[in-house]
Amino acid sequence: MNMNDMKRRHMKQIQTYAFAVTEAVLYLDTHPEDKAALSYFDKYRKLLRESTRQYEERYGPITADGTDTSRGWAWVLEPWPWEMDAN
């Protein structure tokens, strides 16, 4: 598997975790006492954070929040996440 395929697969994983977190948030907005949903949310939020951290270490920031400003404003130097297939 080449680098672009690994990068694409990792981004797909992040998107999957982000979707799970978003859906859990929507459910919890109307079912805040649901312990199973809270556990689900915690699990996927943790997976999302860890996967995002790993991705940003390897490939650069996904959002401006992930930018390391010690190198200046490098956020604009890399392809945008949605431009991944163009490269």
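**Helix α2 and its surroundings**

Helix α2 is followed by Gly60, whose phi is positive, near 110 degrees. The model is a predicted one, and this briefing follows α2 from its ends to its buried residues before turning to a surface patch that includes a residue of helix α1.

**Ends and length of α2**
- At the N-terminal end of α2, Asp34 acts as a cap, with a side-chain oxygen lying 3.0 Å from the backbone nitrogen of Ala36.
- The helix covers residues 35-59, and because 25 residues at 1.5 Å a residue should span 36 Å, the separation of 36 Å between its end C-alpha atoms agrees with that expectation.

**Buried and partly exposed residues of α2**
- The buried residues of α2 are Ala37, Phe41, Tyr44, Leu48, Ser51, Thr52, Tyr55 and Tyr59, and the buried residues of this helix pack against α1.
- An α-helix has 3.6 residues a turn, so residues three or four places apart point the same way.
- Leu47, which also lies in α2, counts as partly exposed because its relative accessibility is 30%, between the 20% limit for buried and the 50% limit for exposed.
- The C-alpha atom of Leu47 is separated by 24 Å from that of Pro79, a residue 32 residues apart from Leu47 along the chain.

**Nonpolar surface patch**
- Met1, Met3 and Met6 form a nonpolar patch on the surface, and together they have about 330 Å² of accessible area.
- Met6 is placed in helix α1, which comprises residues 3-30, and Met6 is partly exposed, with a relative accessible area of 37%.

Note on methods. Residues numbered from 1 in each chain as written. Predicted model: local features only at pLDDT ≥ 70, side-chain atom pairs only at ≥ 80, totals over all residues. Heavy atoms only, no water. Patch = residues over 30% accessible without salt bridge, like charges linked within 9 Å, V, L, I, M, F, W, Y side chains within 5 Å. Areas by Shrake-Rupley, 256 points an atom, 1.4 Å probe, with all protein chains shown as cover. Salt bridge = Lys/Arg side-chain N within 4 Å of Asp/Glu carboxyl O. Helix = DSSP H or I, 4+ residues; strand = E, 2+ residues; numbered from the N terminus. Buried < 20%, exposed > 50% of the residue type's maximum accessible area, 1.4 Å probe, protein only. Expected span 1.5 Å × (residues − 1). Contact = heavy atoms within 4.5 Å. Polar contact = N/O pair within 3.5 Å; in protein donor to acceptor, adjacent residues only side chain to side chain.
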